[in-house]
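Hi everyone, thanks for coming. I'd like to walk you through one protein model today, moving from the inside outwards and finishing with a few backbone oddities. Have a look at the screen.

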Amino acid sequence: MHRLTTRRGGVAGGVAPGSPDLGILLPYTPLHVLLLGEAGDPGPDVLVMTSGNLSGEPIVTDDAEARERLGDLADAFLVHDRPIRVPCDDSVARVVAGAELPVRRSRGHAPLPVALPFEVDPVLATGADLKNTCALAAGRYAWLSQHVGDLDDLATQDALGRTERHLEELTGVRPGRLVTDAHPGYRSAAWARERAQGREVRTVQHHHAHVASVMGEHGLGLDDRVIGVAFDGTGYGTDGAIWGGEVLVAGYKELRRAAHLGYVPLAGGDASVRRAYRMALAHLRAAGVPWSEDLPAVAACPDRERSVLAHQLDTGLGCVPTSSMGRLFDAVSSLTGVRHTSDYEAEAAVRLEALARAYDGPAAPYAFGLVEDPHGAVVADPGPVVRAVVDDVRRGAGPARVAARFHAGVAALVVELAGRSRLATGLDVVALGGGVFANALLLATSVRQLEEHGFTVLRPRLLPPNDGGIALGQVLVGSVA
């Protein structure tokens with residue numbers, strides 16, 4: 001297992017650049033011990049390791065295939081005379097506020113069963129499109145697969161099929177129902193429909209599954225409800241928008257959207273995910289701040305792209321509204337000049353968190369505007385935060401101070417919205433889920449402040465807060481709908 005820990009000296013700066021953390025892999029096979037050296041043959045001080053695959057593709061397990069597909073990346077190959085039967089990535093975890101937080105549940109954990117709070121009929125949950133894992137469940141147990149990967153590659157979709165068949169072999173579960181994400185364009189949903197063979201296929205709203213997953217691993221019962229805070233990058237909402245900054249009053253049987261981050265346009269889909277400056281410019285436009293080149297995000301956007309983006313935002317062409325908290329993290333990272341593009345998922349947000357963790361000065365939280373929409377849900381307007389960030393940047397506040405103030409503001413928003421939901425419902429249990437809560441600073445601060453305000457806080461312990469844990473929530477919600 002990799003554990004994220006504070007960076008130490010002696011490792012090249014090109015390893016995890018911009019991050020204060022390194023994943024530490026302890027030797028867990030005799031081969032690892034030999035590679036790291038023995039008495040009289042000390043070996044290298046550090047070995048930097050990564051998975052044997054191209055980005056976004058499944059792990060290569062065949063020696064000949066590895067030479068063909070990875071030959072341009074590796075200088076040499078260490079082969080073995082034992083074939084790999086089941087590909088399995090290493091697990092990754094970090095310690096947050098004194099407790100383990102899984103980031104990826106795979107080798108050493110999968111497919112160990114997870115106890116369920118109520119009995120379910122045999123069911124297969126196909127997970128999400130990113131960080132995919134699937135799950136089989138029957139009776140009082142669910143078996144979640146190892147990490148499969150992102151389903152934007154045909155090889156990964158094939159790997160999902162092999163993984164599911166292997167789970168059936170191990171568990172003996174023959175699912176009579178399939179459950180998948182409600183997003184009509186998800187590959188995991190298409191995969192479920194193509195393989196249903198007459199079996200019922202149910203869909204579960206993405207953030208409902210996030211909340212239900214946390215409820216399930218903590219053993220909450222069939223009739224329990226919680227205040228669920230689901231912050232992530234992308235999830236299909238019941239209104240057709242892209243959600244991701246949600247407060248839900250939810251149980252397994254139902255959900256009500258009690259609050260959410262205010263909508264801004266997401267222009268060009270994945271283009272705005274990869275280029276944080278596009279989200280920054282969208283938030284500036286929504287907040288009424290002109291695109292001035294003294295702002296790092298504006299300067300980072302090429303002139304031609306800026307013109308096209310302005311047309312998209314003005315006309316709505318190629319835009320979908322989003323309430324994503326993950327995209328707001330990206331926007332603030334770009335507004336402060338921390339990171340304008342992402343070479344890996346959430347890089348802009350990861351670097352923003354690193355700066356905030358390192359800051360040790362005063363950091364008054366930014367304040368969101370709070371209004372009520374026609375449906376009675378509280379809307380957290382990010383406009384005041386964006387304008388305050390711009391003011392700080394123009395006054396010369398360093399990126400670390402802005403990052404710290406932003407993190408403090410998001411944690412304060414969690415507490416405020418939970419408090420409003422408690423007044424409306426009488427509930428005092430908060431479940432935190434979604435990939436944004438892989439952010440150690442935000443999670444620790446939110447838990448501490450919620451507990452100080454008298455809430456019981458449920459946080460992921462057995463499964464990742466990101467989409468790697470969502471299949472459990474699909475199992476539970478899809479079994480009672």
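Let me start with a question: leaving out residues up to four places away in sequence, which residues does L284 touch? The answer is V289, W291, L295, V298, L335, V386 and V390. Before going further, please keep in mind that this is a predicted model.

L284 is a good place to begin, as it is listed among the residues with the most contacts inside the largest nonpolar core, together with M325, F329, F406, L432 and L450. That core has 71 residues. The biggest contribution to this core comes from helix α13, residues 399-425, which supplies 11 residues. There is also a second core of 37 residues, separate from that one, and V114, V123, A135 and W243 are included in it.

Now, helix packing. Two packed helices are described by the angle between their axes and the distance between the axes. Let's do that for α7, residues 276-287, and α10, residues 325-335: their axes come within 7 Å and cross at roughly 95°. An angle from 65 to 115 degrees counts as roughly perpendicular, so that is how α7 sits relative to α10. On the α7 side, the contact is made by A276, Y277, M279, A280, H283 and L284. On the α10 side, you'll find R327, L328, D330, A331, S334 and L335. Sorted by type, the residues of this α7 and α10 contact are 8 nonpolar, 2 polar and 2 charged.

Helix α7 also packs with α12, residues 383-394, at an angle of about 110° and with the axes 9 Å apart. So α7 is roughly perpendicular to α12 as well. Here α7 brings H283, L284 and A287, while α12 brings G383, V386, R387 and V390. The split in this α7 and α12 contact is 4 nonpolar, 2 polar and 1 charged. If you're following along on the screen, H283 and L284 take part in the contact with α10, and also in the one with α12.

Next, a helix from further along the chain. How many of the 9 residues of α15, residues 470-478, are buried? It's 9 of the 9, so α15 is largely enclosed by the rest of the structure. The buried residues are I470, A471, L472, G473, Q474, V475, L476, V477 and G478. And what covers them? The cover includes the strands β5 (113-125), β6 (135-144), β7 (177-181) and β8 (200-204), plus helix α5 (206-217).

For anyone thinking about cysteines: how many disulfides does the structure hold? The count is 0. Take C88: its sulfur is 12 Å from the closest cysteine sulfur, which belongs to C134, and that is too far for a bond. C88 counts as buried, at 18% relative accessibility. C301 tells a similar story, with C319 holding the closest cysteine sulfur at 13 Å, again too far for a bond. C301 is buried too, at 2% relative accessibility.

C134 comes up once more, by way of T163. This threonine lies in helix α3, residues 154-171, and it is buried, with a relative accessible area of 11%. Setting aside neighbours within four places in sequence, T163 contacts C134, S145, Q146 and V148.

Finally, the backbone. Most residues other than glycine have a negative phi, and most peptide bonds are trans. So where should you look for exceptions? One is the peptide bond from A110 to P111, which is cis, with omega near 5°. P111 is in the loop between β4 and β5, and H109 is found in that loop too. H109 is partly exposed, at 28% relative accessibility. H109 and L462 are 353 residues apart in sequence, but their C-alpha atoms are 9.3 Å apart in space.

Then there are two alanines with a positive phi. A16 has a phi of about 50° and sits in the loop between β1 (2-6) and β2 (21-25). A346 has a phi of about 65°, and its place is in the loop between α10 and α11 (347-358). Both count as partly exposed: A16 has a relative accessible area of 31%, and A346 has one of 35%.

That's my tour, and I'm happy to go back to any part of it.

Terms used:
Residues numbered from 1 in each chain as written. Predicted model: local features only at pLDDT ≥ 70, side-chain atom pairs only at ≥ 80, totals over all residues. Heavy atoms only, no water. Axes fitted to C-alpha atoms, helices over the stretch in contact; angles between N-to-C directions. Helix = DSSP H or I, 4+ residues; strand = E, 2+ residues; numbered from the N terminus. Parallel < 35°, antiparallel > 145°, perpendicular 65-115°, else oblique. Contact = heavy atoms within 4.5 Å. Nonpolar A, V, L, I, M, F, W, Y, C, P; charged D, E, K, R; others polar. Disulfide = S-S within 2.5 Å. Buried < 20%, exposed > 50% of the residue type's maximum accessible area, 1.4 Å probe, protein only. Core = buried A, V, L, I, M, F, W, Y, C linked by side-chain atoms within 4.5 Å.
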